Amino acid sequence: MRILVLLTAGALALSSPARAAGPTEGAPPPYDSDLMRLAEILGALHYLRPLCGVAAEGQRWRTEMQALIDTEQPSETRRMKIISSFNRGYSSYAEVYRACTPAARVAVERQLDEGSRLAHDIVVRYGGN
């Protein structure tokens, strides 16, 4: 999934020539809902993966989120919306899971699958060919 998230970041950077001039307020990009969902998934993974014994990843999912924000260069309002999505993903699982259960493992797999699919779809649809 890391490669897909990085490709997504690259695709986002290429998808809009207006981004080169810096962030502006206006209509959200067409991939906005997918990006918000991807941010939520990254937040969920940031909570669940260490809970389920994948401590070696450390800050990986937070770092992935920061790479998306850095590439996207959103306005402050949009940046806060993206961060809020990440935090919602994190806190929604923190409220439910205190230990790694079979259901938590299934949730991790589903988040990884959906995140990979979203990242791929964003690259394919908005890659800026």
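This briefing describes the fold, the helix α4 and its packing, and two individual residues of a single chain. The model is predicted. The chain contains five helices and zero strands, and its elements follow one another along the sequence as α-α-α-α-α. Of the 129 residues in the chain, 41% are buried.

**Overall organisation**

- The secondary structure consists of five helices, with zero strands.
- Contacts between residues at least 6 apart in sequence were examined for their separation, and 82% of them join residues at least 24 apart.

**Helix α4**

- Helix α4 covers residues 76–96 and has 21 residues.
- At 1.5 Å a residue, α4 should span 30 Å, and its end C-alpha atoms are 30 Å apart, so the expected and modelled spans agree.
- The buried residues of this helix are R78, I82, S85, F86, G89, Y93 and A94.
- These buried residues of α4 pack against α2, α3 and α5, the last of which comprises residues 102–126.

**Packing of α2 against α4**

- The axes of α2 and α4 are 7 Å apart, and the two helices pack at an angle of about 40°.
- That angle makes α2 oblique to α4, because angles from 35 to 65 degrees fall outside both the roughly parallel and the roughly perpendicular classes.
- The crossing in which α2 passes α4 is right-handed.
- On the α2 side, the residues that meet α4 are D32, L35, M36, A39, E40, L42, G43, A44, H46, Y47 and L48.
- On the α4 side, the residues that meet α2 are R78, K81, I82, S85, F86, R88, G89, Y90, Y93 and A94.

**Residue L42**

- L42 lies in helix α2 and is among the residues of that helix that meet α4.
- L42 has a relative accessibility of 0% and therefore counts as buried, the cut-off being under 20%.
- L42 and Q111 are separated by 69 residues in sequence, while their C-alpha atoms are 8.2 Å apart in space.

**Residue E57**

- E57 is located in the loop between α2 (32–51) and α3 (60–72).
- With a relative accessible area of 15%, E57 is buried, since the limit for that class is under 20%.
- The side chain of E57 forms a polar contact of 2.7 Å with the side chain of W61.

Key
Residues numbered from 1 in each chain as written. Predicted model: local features only at pLDDT ≥ 70, side-chain atom pairs only at ≥ 80, totals over all residues. Heavy atoms only, no water. Helix = DSSP H or I, 4+ residues; strand = E, 2+ residues; numbered from the N terminus. Buried < 20%, exposed > 50% of the residue type's maximum accessible area, 1.4 Å probe, protein only. Polar contact = N/O pair within 3.5 Å; in protein donor to acceptor, adjacent residues only side chain to side chain. Expected span 1.5 Å × (residues − 1). Contact = heavy atoms within 4.5 Å. Axes fitted to C-alpha atoms, helices over the stretch in contact; angles between N-to-C directions. Parallel < 35°, antiparallel > 145°, perpendicular 65-115°, else oblique. Left-handed = near helix turned anticlockwise from the far one by under 90°.
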